[in-house]
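The following exercises ask the reader to study a structure step by step. Each task is followed by a worked solution.

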Amino acid sequence: MIEVNKQGQVWVFAEQHKGKLEDTSLELLSKGRELADTLNVPLAAVLLGDNVSDLCLQLGHYGADKVILAEHPLLEHYQTSSYSKVIDDLIAKHKPQIVLYGATPAGRDLAPRIASAVKAGLTADCTDLQIGNHEVKKTNTTYENLLLQIRPAFGGNIIATIINYDRWPQMATVREGVMPMPEPDATRKAEVIKETVHLTQTDLAIEILAEHMEAKKVDLKASRVIVAGGAGVGSADNFKKIWDLAHCLGGSPGATRAAVDLGFINHDHQIGQTGTTVRPSLYIAVGISGAIQHQAGMIGSQKIIAINNDPKAPIFDVAHYKIVGDLNDVVPMMIKAIKEKV
Amino acid sequence: MGYNCVVLVKQVPDTKRITGQAMNDDGTVNRAALPAIFNPEDLNALELALKIKDEFGGVVTVVTMGLPNATGVLREGLYRGADQAVLVTDRRCAASDTLATSYILSCAVKKLNPDIVLCGRQAIDGDTAQVGPQLAEKLELPQITYVEDLVSLEETSIKVKRNLGNGWQEVKSPLPAVLTVLDTANEPRVGRAKQMMKCKAAKCRMEIEAIAKEDDCIDVDATCEALDEKGLLIKQWDLDFLEADLQWCGRDGSPTKVHRIQSVVLAAMDTKDVEATQAGVDSMIHELIQDHTIG
């Protein structure tokens with residue numbers, strides 16, 4: 001068990017497969033940066049693999065102060081037993097106060113194994129992380145600067161904020177595509193800390209006999225935020241505004257059938273009866289009139305913002321926020337508001 | 001040959017049918033107000049165990065942790081084909097998070113000495129997918145998550161196919177091992193009506209004690225014995241029987257605590273008019289950040 005300490009670093013597990021970092025890890029670095037700055041401690045990326053030191057540069061650009069690098073031939077492919085053994089030891093050695101993992105298939109396999117071994121708390125699939133205080137009325141104690149781990153629970157019917165105050169590290173997995181992707185800063189450099197790894201063949205519990213991985217497709221279903229454009233967007237060129245807004249929210253671009261037929265974007269992004277059905281936390285409909293066939297694919301969204309210059313567009317009947325106006329004005333305003341975190 | 005399979009199952013509230021009444025004033029969930037169901041992916045885990053038994057022989061045990069009313073899922077496990085059922089129940093289990101739960105379950109699993117431990121990938125009330133891997137760690141066994149298909153079984157090893165979302169992997173693991181099973185793995189069988197009627201009578205000791213309180217004619221020991229002979233006594237284990245270390249159970253054994261719960265059950269459809277000005281857009285984005293719609 002790791003004792004509570006306030007000097008502990010903030011760690012992000014830098015997940016890589018075949019020498020390529022997962023987007024989620026880079027997104028997590030931006031959140032990690034924010035948390036580390038609030039706590040006034042360093043942000044470290046924890047990188048495991050074989051011959052992956054090239055990635056340290058990128059991790060620095062994306063906000064890491066330090067990269068804790070563990071390289072070993074047996075770490076070439078992700079495996080629960082070898083990766084958890086190495087990270088368990090690193091946690092015991094460095095005593096970080098926060099460890100974050102992407103809620104990827106590997107992250108959700110690895111983090112609970114580590115939590116069990118180091119006897120720490122773990123919150124799955126967080127959609128937001130903050131630093132805050134927690135008061136225990138019974139003992140009249142206030143625990144300061146804890147990691148507030150915010151996640152939907154109960155099939156999305158409640159938002160729970162989870163904390164752990166008496167055991168470190170505070171650990172969480174974070175949903176993919178929830179945190180905005182940071183802008184890399186090529187002038188930033190991370191200090192690389194090389195760790196010695198002791199692993200033998202017996203540390204690989206299982207044997208990978210065959211594997212087939214496809215390039216990641218657009219996963220609209222897994223997106224927490226979707227910005228969808230319709231025919232009203234006007235042109236493929238103007239559709240870039242949809243991409244920009246989606247990008248700054250860490251979301252995915254979607255489209256109506258009309259927009260796909262007009263060639264603004266490819267069919268993988270189509271939402272509606274003949275496309276994908278989605279239930280994101282936030283759905284932003286831009287230049288979409290709201291035909292029933294489109295509504296069928298997005299009506300389950302928790303919050304809907306509709307932007308259209310026709311006040312009578314049917315999309316407004318299902319929207320929580322109605323903005324009557326020109327998308328060319330409104331979308332840049334939204335990007336500005338999000339970037340400034342008003 | 002034959003394999004000793006232990007399937008961990010959970011009784012969960014049907015989160016697809018939640019109404020406003022399901023929440024207590026203090027923000028906790030009023031489980032009593034919700035229909036309780038067999039966690040869907042645990043049914044896939046049970047089906048995989050039953051297939052192994054059909055093909056290779058062996059024993060299938062369903063285990064759950066919960067209040068005595070959680071025996072509903074155990075009866076369901078029995079009529080779908082499990083050979084025996086275990087209820088882990090103890091007041092001191094209350095407020096266990098995933099870490100404490102996996103510790104308690106690991107104590108129960110050890111008593112059963114299985115070759116293969118199976119559970120659903122995740123439960124629909126929490127969606128954490130943590131208990132499987134944590135249980136595997138507590139048992140010091142290999143874990144194989146996201147199992148979609150059984151490829152082959154040898155005496156001391158198992159080969160399965162895992163679905164990783166954007167691809168798959170075929171892996172071989174020594175036994176015993178812990179498997180977490182996906183909903184796409186199989187189509188769970190429906191129990192036979194005759195079996196279902198028979199298993200309705202299955203009870204744990206606490207349930208019989210509750211009936212005896214109402215009815216003086218019932219002798220608890222004799223009733224338990226009679227049920228046991230028919231294979232209908234649900235084993236009831238407490239933390240003393242499991243020889244569990246209490247510091248790892250219940251609230252004490254749970255590092256995570258709830259700081260706050262916000263209900264997002266939506267009221268009737270409310271549309272807010274937002275002015276197409278920077279100030280209007282700013283206040284909307286502010287609201288969305290406040291309610292955690294965006295991070």
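The exercises concern a predicted model.

**Exercise 1. Cis peptide bonds**

Task: Determine where A:Pro169 lies in chain A, and give the omega angle of the peptide bond from A:Trp168 to A:Pro169.

Solution. Step one is to locate the residue: A:Pro169 belongs to the loop between strand 10 (158-163) and strand 11 (170-174) of chain A. Step two is the angle: omega of the bond from A:Trp168 to A:Pro169 is near -10°, and the bond is cis.

Step three turns to chain B, where the peptide bond from B:Leu175 to B:Pro176 is cis, with omega near -5°. B:Pro176 is found in the loop between strand 9 (167-174) and strand 10 (177-181) of chain B.

**Exercise 2. Positive phi values**

Task: State where B:Ala95 and B:Glu243 lie in chain B, and decide whether each is buried, partly exposed or exposed.

Solution. Begin with B:Ala95, whose phi is near 65°, a positive value in a residue other than glycine. The loop that holds B:Ala95 runs between strand 5 (84-88) and helix 3 (98-112) of chain B. Its relative accessibility is 42%, so B:Ala95 counts as partly exposed.

Continue with B:Glu243, which is not a glycine either and has a positive phi of about 55°. B:Glu243 sits in the loop between strand 12 (233-237) and strand 13 (257-263) of chain B. The cut-off for an exposed residue is over 50% relative accessible area. B:Glu243 has 62% and is therefore exposed.

**Exercise 3. The interface between the chains**

Task: Describe the contact between chain A and chain B by its residues, its buried area and its salt bridges.

Solution. First, count the residues: 78 residues of chain A are in contact with 77 residues of chain B. Second, consider the area. The size of an interface is often given as the accessible area lost when the parts come together. Between chain A and chain B about 6700 Å² is buried, and carbon and sulfur atoms give 59% of this area. A:Arg113, A:Phe154 and A:Tyr321 supply 12% of what chain A buries against chain B, more than any other three residues.

Third, examine the polar side of the interface. There are three salt bridges between chain A and chain B. A salt bridge joins B:Arg162 and A:Asp109, whose closest N and O atoms are 3.9 Å apart. The two chains also have 34 residue pairs in polar contact, both residues being at pLDDT 80 or more. Helix 4 (residues 105-118) of chain A gives the most to the side of chain A that touches chain B, with eight residues. That side has 40 nonpolar, 19 polar and 19 charged residues.

**Exercise 4. A sheet with strands from two chains**

Task: Establish how strand 13 (residues 207-213) of chain A pairs with strand 9 of chain B, and identify the edge strands of the sheet.

Solution. Start with the pairing: strand 13 of chain A and strand 9 of chain B are antiparallel, over six bridges. Within this pair, A:Ala210 has B:Glu170 as its bridge partner.

Next, trace the sheet. It is open, has 11 strands and shows mixed pairing, with the order 13(A)-9(B)-8(B)-7(B)-10(B)-6(B)-1(B)-4(B)-5(B)-12(B)-11(B). The edges are strand 13 of chain A and strand 11 (203-204) of chain B, each of which pairs on one side only.

Finally, take a pair inside chain B. Strand 4 (residues 58-65) and strand 5 of chain B run parallel and are joined by five bridges. Here B:Val63 stands opposite B:Val86 of strand 5.

Note on methods. Residues are numbered from 1 along each chain as its sequence is written. Chains are lettered from A and ligands numbered from 1 in the order in which they are written. This is a predicted model: local features need pLDDT of at least 70, side-chain atom pairs count only at pLDDT 80 or more; totals for chains, interfaces and linings use all residues. Side-chain values use heavy atoms; hydrogens and water are left out. Helices (H or I, at least four residues) and strands (E, at least two) are DSSP runs, numbered from the N terminus. Buried means under 20% relative accessible area, exposed over 50%, partly exposed in between (1.4 Å probe, protein chains only). Contact means heavy atoms within 4.5 Å. Buried area is the accessible area (1.4 Å probe) that two parts lose on being put together, summed over both. A salt bridge is a side-chain nitrogen of Lys or Arg within 4 Å of a carboxyl oxygen of Asp or Glu. A polar contact is a pair of N or O atoms within 3.5 Å; within protein, one must be able to donate a hydrogen and the other to accept it, and residues adjacent in sequence count only if both atoms are side-chain atoms. Ala, Val, Leu, Ile, Met, Phe, Trp, Tyr, Cys and Pro count as nonpolar, Asp, Glu, Lys and Arg as charged, and the others, Gly among them, as polar. Two strands pair if DSSP finds at least two bridges between them.
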